[in-house]
Protein chains: 2
Amino acid sequence: MRNKINKSDLIMKAALEIFANKNFKDVTISEIAERAGVAVGTVYEYFNNKEDLYFSIPQKTSEHFNEQLGLHLEGLYSPVEKIRKFIWFYLHYLENHPIYTELLLMELRVNKNFFNTGHHRGLSDGTTEILKLIEEGQQQGEIRNDISPYLIRHLILGVLEHITTYWVLKGKKGDLVSFSKDTAELVLSGITLKLDSTSGVI
Amino acid sequence: MRNKINKSDLIMKAALEIFANKNFKDVTISEIAERAGVAVGTVYEYFNNKEDLYFSIPQKTSEHFNEQLGLHLEGLYSPVEKIRKFIWFYLHYLENHPIYTELLLMELRVNKNFFNTGHHRGLSDGTTEILKLIEEGQQQGEIRNDISPYLIRHLILGVLEHITTYWVLKGKKGDLVSFSKDTAELVLSGITLKLDSTSGVI
DNA sequence: ATACACTTTGAACCTTATTCATTTTATAAA
DNA sequence: TTTATAAAATGAATAAGGTTCAAAGTGTAT
């Protein structure tokens with residue numbers, strides 16, 4: 001046969017479209033099944049339950065995010081410049097993937113079940129990559145190493161997620177990427193080592 | 001009559017105890033009613049629905065947070081010192097109110113319904129206070145004013161919420177307040193104006 | 001053509017939020 | 001104290017939706 005359109009993909013596509021406009025609890029399985037053109041029971045052949053279906057939606061977009069991030073960092077040398085680029089890319093990408101953003105920040109990031117299952121791994125909102133950049137910067141002497149790289153990551157992801165969360169809560173008005181320049185300036189002035197003698201971190 | 005124990009408080013107390021151990025959807029109204037010693041219908045006399053009950057739980061704790069924050073900032077002069085203290089207090093308070101913290105960060109902060117109803121106002125995770133401190137600092141020349149105070153607030157609340165969120169997701173192991181010193185150092189070195197001539201922001 | 005395994009189906013089941021007619025309790029008036 | 005009236009409390013009935021599973025359908029190999 002040729003219509004090898006994976007049913008799983010079909011269901012996920014329908015789910016994505018519906019979850020885009022409603023909260024988790026306002027979406028019904030029968031609604032998703034109907035849009036996907038399958039029976040209710042079929043949904044349960046491919047997903048354990050409603051939450052499992054929900055969690056699996058961002059998987060592909062996350063992979064795409066990571067791929068594209070790699071491309072955008074390619075060719076840059078300085079870890080600090082890479083971090084600057086990371087900040088830009090994060091805001092740029094999320095602004096252009098609003099459904100994904102809402103799912104990720106509003107529901108998944110803070111969901112214990114999500115965090116504690118396989119779904120979380122391999123998603124990595126750039127979490128691993130940014131840590132690598134920080135450690136690289138510390139080794140090369142561009143970034144202060146009197147502070148844990150994990151705390152620096154909290155700073156960077158924290159401000160980005162906070163900005164983005166409020167952008168979503170306020171209805172996604174205005175552009176997100178316009179925060180990029182000042183955010184990078186703010187973050188980098190806190191984590192870079194100044195090379196003149198007067199500004200040693202006490 | 002003397003048993004003027006407000007039924008509303010009674011129900012909220014029971015709800016708090018139960019929500020402390022389960023997710024929103026795993027908690028039933030009948031469970032809450034039973035623990036509160038009232039009938040199911042009574043719950044609906046005092047709260048519009050399950051979500052309304054849920055949202056009203058953190059109200060009192062938030063008021064307490066704000067009160068205590070006021071006391072802790074009292075007597076300090078420098079805005080920068082006040083911000084340092086804010087960071088300490090935030091981590092200290094949340095570490096000592098784990099149920100409140102989980103509710104606030106995991107569920108409410110990112111809930112559109114919560115954000116868009118009266119519940120959000122008057123809760124203010126110190127949101128208003130910290131903005132005031134930043135603006136004060138900018139006026140007095142301690143804090144750089146080439147960056148919007150709102151963005152600086154995103155930085156401060158962002159890193160604090162991020163640290164705390166991961167602390168919760170990882171099962172509240174270790175102490176939170178120990179991050180206070182480095183976090184303050186990191187944040188403040190990004191937002192304070194250095195007074196020597198070499199480090200002017202370009 | 002037949003047997004077998006794998007998909008798909010959707011009606012039935014079960015749990016739970018929410019409602020509302022009825023009962024109970026408190027307050028005020030006589 | 002008795003009666004009238006309003007307020008509070010009740011829990012059985014309703015409605016909605018997630019999940020299950022026995023039956024029907026579809027494809028593949030012998």
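# Exercises: two chains, two DNA strands

At 23% relative accessibility, A:Glu31 is partly exposed. Buried means under 20% relative accessible area, exposed over 50%, and partly exposed in between (1.4 Å probe, protein chains only).

This is a predicted model: local features need pLDDT of at least 70, side-chain atom pairs count only at pLDDT 80 or more, and totals for chains, interfaces and linings use all residues. Residues are numbered from 1 along each chain as its sequence is written, chains are lettered from A and ligands numbered from 1 in the order in which they are written, and side-chain values use heavy atoms, leaving out hydrogens and water.

## Exercise 1. Salt bridges within a chain

Find the salt-bridge partner of A:Glu31. Then place the pair B:Lys82 and B:Glu136 in the chain.

**Solution**

Step 1. Fix the rule: a salt bridge is a side-chain nitrogen of Lys or Arg within 4 Å of a carboxyl oxygen of Asp or Glu. Side chains of opposite charge can pair when their charged atoms come close.

Step 2. Apply the rule to A:Glu31. Its partner is A:Lys22, at 2.6 Å from N to O. A:Lys22 has 34% relative accessibility, so it counts as partly exposed.

Step 3. Turn to chain B. B:Lys82 and B:Glu136 form a salt bridge, with the closest N and O atoms 3.6 Å apart. This pair links distant parts of the chain: B:Lys82 is in helix H6, B:Glu136 is in helix H9 (residues 127–140), and they are 54 residues apart. Helices (H or I, at least four residues) and strands (E, at least two) are DSSP runs, numbered from the N terminus.

Step 4. Check burial. B:Lys82 is buried because its relative accessible area is 14%. B:Glu136, at 23%, is partly exposed.

Step 5. Try one more pair. B:Asp146 and B:Arg144 meet in a salt bridge at 2.9 Å, N to O. B:Asp146 is partly exposed at 42%, while B:Arg144 is buried at 2%.

Step 6. Take the total. Over all chains the structure holds 21 salt bridges.

## Exercise 2. The interface of the chains

How many residues of chain B are in contact with chain A? Which helix of chain B gives the most to that side?

**Solution**

Step 1. Count contacts, meaning heavy atoms within 4.5 Å. 42 residues of chain B touch 42 residues of chain A.

Step 2. Take the area. The size of an interface is often given as the accessible area lost when the parts come together. Here the buried area is the accessible area (1.4 Å probe) lost by two parts on being put together, summed over both. The two chains bury about 3900 Å², 63% of it on carbon and sulfur atoms.

Step 3. Look for charged pairs. The rule finds three salt bridges across the interface of chain B and chain A. B:Glu51 and A:Lys25 form a salt bridge, the closest N and O atoms being 3.9 Å apart.

Step 4. Name the helix. H10(B) gives the most to the side of chain B that touches chain A, with 14 residues.

Step 5. Zoom in on B:His154, which lies in helix H10 of chain B. B:His154 is buried because its relative accessible area is 13%. Leaving out residues up to four places away in sequence, B:His154 touches A:Val159, A:His162, A:Ile163, A:Tyr166 and B:Val159.

## Exercise 3. DNA strand C

Which helix gives the most to the surface near DNA strand C?

**Solution**

Step 1. List the surroundings. A residue is near a strand if one of its heavy atoms lies within 4 Å of it. 15 residues surround DNA strand C, the closest being A:Lys7, A:Ala39, A:Thr42, A:Tyr46 and B:Tyr44.

Step 2. Name the helix. H3(A) gives the most, with four residues.

Step 3. See what is met on the DNA. Of the strand C atoms within 4 Å of the protein, 79% belong to sugar or phosphate and the rest to bases. A polar backbone atom of A:Ala39 is 2.9 Å from a phosphate oxygen of strand C. A polar backbone atom of B:Ile29 is also 2.9 Å from a phosphate oxygen of this strand.

## Exercise 4. DNA strand D

Where do polar side-chain atoms of B:Lys7 and B:Thr42 lie relative to a phosphate oxygen of DNA strand D?

**Solution**

Step 1. Take B:Lys7. A polar side-chain atom of B:Lys7 lies 2.6 Å from a phosphate oxygen of DNA strand D.

Step 2. Take B:Thr42. The distance from its polar side-chain atom to a phosphate oxygen of DNA strand D is 2.5 Å.

Step 3. Find the helix. H3(B) gives the most to the surface near DNA strand D, with four residues.

Key. Polar contact = N/O pair within 3.5 Å; in protein donor to acceptor, adjacent residues only side chain to side chain.
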